[in-house]
Amino acid sequence: MISFTVTAVVFGVVFLAELPDKTALAGLVLGTRYRASYVFAGVAAAFAVHVALAVAAGSVLTLLPQQIVQALTGVLFLGGAAVLLMTKGGADDDAAIRKPENQSFWKVSGAGFMLILVAEFGDLTQIMTANLAARYDDPLSVGIGAVLALWSVAAIGILGGKALMRRVPLKLITKVAAMVMLALGLWSLWEAIAG
């Protein structure tokens, strides 16, 4: 039986944690270049895999000390910020804005699937989902809440990408996202040290 309360709590926590994450930016970038429905299909499938892995690993993660989890999370955020800040050019370049010639469903959804599968492995929300699964001992409710939250953030990023690109250059969005990730990384490391 599914607990609406657990599902709602997990949805809220994962949604807020994922919103400033690199996934929203990745969805935004993919949404500016490819057909949104194709991108979403691949991204949604990758998130379903991640949530299944996180829920399955929930009991194992509870064995790790919280300081180690916070330190690892901080390092992941700082690494993501560094990657974003070191990216040359950006979508302001003509090559980045050009539409790809082949936008077949399998190519686009496969690209979205692989990008999210790799980028989100060991991510903060995957760790959080595992922790929530261990805490509530209700894998189905936790899994549904987490996957719906991740799909919502992806949809916002993908659909918002096209609208946002009309008004704000991707280079600026990338820098803002990098600064947010930098702040989150430093905060996580501070919590690990102070805790």
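In the predicted model, S109 touches Y38, A41 and G42, residues up to four places away in sequence not being counted. S109 lies in helix α7. Its relative accessibility is 7%, and because burial is taken as under 20%, S109 counts as buried.

The helix that carries S109 comprises residues 105-119. At 1.5 Å a residue, the 15 residues of α7 should span 21 Å, and the end C-alpha atoms are 21 Å apart, in agreement with that expectation. Along α7, the buried residues are V108, S109, G112 and I116. These residues cover an arc of only 90 degrees around the axis, and therefore lie on the same side of α7. W106, K107 and V118, by contrast, are exposed on the other side of the helix.

The contacts of S109 form part of the packing of α7 against α3. Two packed helices are described by the angle between their axes and the distance between the axes. For α3 and α7, the axes come within 7 Å and cross at roughly 35 degrees, and the crossing is right-handed. On the α3 side, the residues in contact are Y38, V39, A41, G42, V43, A45, A46, F47, V49 and H50. Their counterparts in α7 are F105, V108, S109, G112, F113, I116 and L117. The buried residues V108, S109, G112 and I116 of α7 are thus named among those that meet α3.

Helix α8 comprises residues 124-136. For its 13 residues, a rise of 1.5 Å a residue gives an expected span of 18 Å; the end C-alpha atoms of α8 are 18 Å apart, which agrees. The buried residues of this helix are T125, Q126, I127, T129, A130, L132 and A133. D137 follows α8 and has a positive phi, near 50 degrees.

Confidence varies along the chain. The mean pLDDT of the chain is 75, and 72% of its residues reach 70 or more. Helix α3 (residues 36-56), the partner of α7 in the crossing described above, has the highest confidence in the chain, at a mean of 88. Confidence is lowest in helix α6 (residues 94-97), where the mean is 39. Over residues 89-98 the pLDDT is below 50, and this stretch has eleven contacts in the model beyond near neighbours in sequence. Where pLDDT is low, the predicted coordinates should not be read in detail.

How values were computed
Residues numbered from 1 in each chain as written. Predicted model: local features only at pLDDT ≥ 70, side-chain atom pairs only at ≥ 80, totals over all residues. Heavy atoms only, no water. Helix = DSSP H or I, 4+ residues; strand = E, 2+ residues; numbered from the N terminus. Expected span 1.5 Å × (residues − 1). Buried < 20%, exposed > 50% of the residue type's maximum accessible area, 1.4 Å probe, protein only. Arc of directions from axis to C-beta. pLDDT = per-residue confidence, 0-100. Contact = heavy atoms within 4.5 Å. Axes fitted to C-alpha atoms, helices over the stretch in contact; angles between N-to-C directions. Left-handed = near helix turned anticlockwise from the far one by under 90°.
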